[in-house]
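Q: I would like to learn how to read a structure feature by feature. Where should we begin?

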Amino acid sequence: MTAITIDSIRLHRVAMPLVEPLRTSFGLEAVRPVVLAEMRAGERVGWGECVAGEGPGYSYETIGTAQHILTHYLIPKLVGQTVSSAAEARRLMAGVRGHPNAKAALEGAIWDLLAQARGVALADLLWERYPLTKPRRDRVLVGVSIGIQPTIDATLAIIEKRLAEGYGRIKLKIQPGWDVELAAAVRSAYPDICLMLDANSAYTLDDADHLAKLDRFNLLMLEQPLGHDDIYEHSKLQPRLQTPICLDESIHHANDVRLALELKACRIINLKPPRVGGLDEACAVHKVCYDEGVPLWIGGMLETGIGRAQNLAIASLPGVTLPSDLSATNRYYAPDITEPPFVLNREDSTIAVPSGVGIGVEVQQDRIATFAGRWNDYFPAWM
Ligand code: SMG
Ligand code: MG
């Protein structure tokens, strides 16, 4: 087994302005605060990304908690250690409860280093984690996520633009007051597109009859309608809907998937590696879905090229059967901090999985310096 010795870990804080801000039921993201982990092992450098937001809107983690936990608890546990698998690194970090986004940033850098040490692409290393009989893919099916807009006409205009770019699956963010009418307008303009909705926990079980009105729009799925940490009430909602429920926020590890399936709380799983604590647990979630034949896709957190390369690698696994929230670089950042940019293959709505060793993209240190210089303009409270 190839081992790496972690010599140093340095955090970089970058403020990344989004090309197109994303409004969800929990708030507006216009500039993403990103904490990057640069991990050195001998001559090699591995990179990881922390996706925690500025505030605790999507999950309880924030850029403040992530920096605190990384600096004072996680990094000291890893520096100087020799590991031959991400699972070993996880065991070293296990004394820290929770904080999956912070852990995932470090684990991502470890996977990058392990893949480099083996001389393979990250996607190949992930494929080897559990026995899988089917091969991995070289390109993955992707869709695009569209935030809450001021008007339905504005939404229709963005959908038009995204379809013209070649995206074959459209996801719309919804919230109470911005749901049935929106879906009806979009369906009447586009009767055949692959369409799904994401509520980011904006409803309660009392809204079940209202949510059932969405059934007539032939939606691919309805993502996380109820509580951000709930599985039980989703199991009460799913039988009242024809539309498949997909759980996002509520899934923190493979056993949450097992529980959700046992309770029939959903029919589809959204897997975000940072939400489950990193790529190792992400492989475990993938394995459950692969074995059980449960439809699975990879969610996005507006990652830079570092996190996106890692998400593409896991999206290449054979159990990922639905389009993932992995859009082209130009939908997020101009420029991004990695090269080359990810481009959409418009003929089949796919993006190529990086084939180089490690994460397979080149991190641009000069751009990190530029975006780090903008941190104080946007996030002065988080020095
Ligand atoms: O990375 O393309 C992307 C964003 C996809 O809509 C997206 N993610 O709940 O699934 C989700 C949201 C969370 C984004 S908040 C940063
Ligand atoms: Mg979601």
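A: Begin with a cut-off for accessibility: a residue is buried under 20% relative accessible area, exposed over 50%, and partly exposed in between. Keep in mind that this model is predicted.

Q: By that cut-off, is V45 buried, exposed or partly exposed?

A: V45 has a relative accessible area of 21%, so this residue is partly exposed. V45 belongs to strand 4, residues 44-50.

Q: Which residues does V45 touch, apart from those up to four places away in sequence?

A: With those set aside, V45 touches E38, M39, R40, D112, L113 and Q116. For a distance across the fold, take V45 and G143: they are 98 residues apart along the chain, and 31 Å separates their C-alpha atoms.

Q: How do I read the surroundings of a ligand? Which residues come nearest to ligand 1?

A: Start with the list of residues around the ligand, then look at polar contacts. There are 16 residues around ligand 1, of which S145, K171, N200, L302 and Y332 come nearest. By class, the shell divides into six nonpolar, three polar and seven charged residues.

Q: Which side chains have an N or O atom placed against an oxygen atom of ligand 1?

A: Two cases can be given. The side chain of S145 has an N or O atom 2.7 Å from an oxygen atom of ligand 1. For the side chain of Y332, the corresponding distance to an oxygen atom of the ligand is 2.6 Å. From the backbone, an N or O atom of M301 lies 3.4 Å from an oxygen atom of ligand 1. As for cover, ligand 1 taken alone exposes 440 Å², and the protein buries 98% of that.

Q: N200 was in the list of residues that come nearest to the ligand. What is there to read in its backbone?

A: The general idea comes from the torsion angles. Most residues other than glycine have a negative phi, and most peptide bonds are trans. In N200, phi is near 45 degrees, a positive value in a residue other than glycine. S201 also has a positive phi, near 70 degrees. N200 is found in the loop between strand 9 and helix 7, and S201 has its place in the loop between strand 9 and helix 7 as well. N200 has 7% relative accessibility and therefore counts as buried.

Q: Which peptide bonds leading to P335 and P340 should I look at, and are they cis or trans?

A: The bond from A334 to P335 is cis, with omega near 0 degrees. The bond from E339 to P340 is cis, with omega near -10 degrees. P335 sits in the loop between helix 11 (305-315) and strand 14 (338-339), while P340 sits in the loop between strand 14 and strand 15 (350-352).

Q: How do I read the two sides of a helix? Which residues of helix 6 are buried?

A: Sort the residues by accessibility, then view them down the axis. In helix 6 (residues 180-189), the buried residues are V180, L182, A183, V186 and R187. Seen down the axis, they fall within an arc of 160 degrees, so they line one face of helix 6. The face turned away from the buried side carries the exposed residues E181 and S188.

Q: What do the buried residues of helix 6 pack against?

A: They pack against helix 5 (152-165), strand 8 (169-173), strand 9 (194-198) and helix 7 (208-212).

Q: How do I read a buried polar or charged side chain? Where is R275 found?

A: Check the location, the accessibility and then the partners. R275 is found in the loop between strand 12 (268-271) and helix 10 (279-292). Its relative accessible area is 4%, so R275 is buried. The side chain of R275 reaches the backbone oxygen of N270 at 2.7 Å. Leaving out residues up to four places away in sequence, R275 touches Y58, P100, N101, D248, E249, I251, H252 and N270.

Q: And which backbone oxygen lies 3.0 Å from a polar atom of the side chain of S327?

A: That is the backbone oxygen of G143. S327 lies in the loop between helix 11 and strand 14, and at 1% relative accessibility S327 counts as buried. Beyond its neighbours within four places in sequence, S327 is in contact with G143, V144, Y167, R308, Y332 and I351. Among these contacts is Y332, whose side chain also has an N or O atom 2.6 Å from an oxygen atom of ligand 1.

How values were computed:
Residues are numbered from 1 along each chain as its sequence is written. Chains are lettered from A and ligands numbered from 1 in the order in which they are written. This is a predicted model: local features need pLDDT of at least 70, side-chain atom pairs count only at pLDDT 80 or more; totals for chains, interfaces and linings use all residues. Side-chain values use heavy atoms; hydrogens and water are left out. A residue is near a molecule or strand if one of its heavy atoms lies within 4 Å of it. A polar contact is a pair of N or O atoms within 3.5 Å; within protein, one must be able to donate a hydrogen and the other to accept it, and residues adjacent in sequence count only if both atoms are side-chain atoms. Accessible areas come from the Shrake-Rupley method with a 1.4 Å probe; for residues, only the protein chains shown count as cover. Ala, Val, Leu, Ile, Met, Phe, Trp, Tyr, Cys and Pro count as nonpolar, Asp, Glu, Lys and Arg as charged, and the others, Gly among them, as polar. Buried means under 20% relative accessible area, exposed over 50%, partly exposed in between (1.4 Å probe, protein chains only). Helices (H or I, at least four residues) and strands (E, at least two) are DSSP runs, numbered from the N terminus. The arc is that of the directions from the helix axis to the C-beta atoms. Contact means heavy atoms within 4.5 Å.
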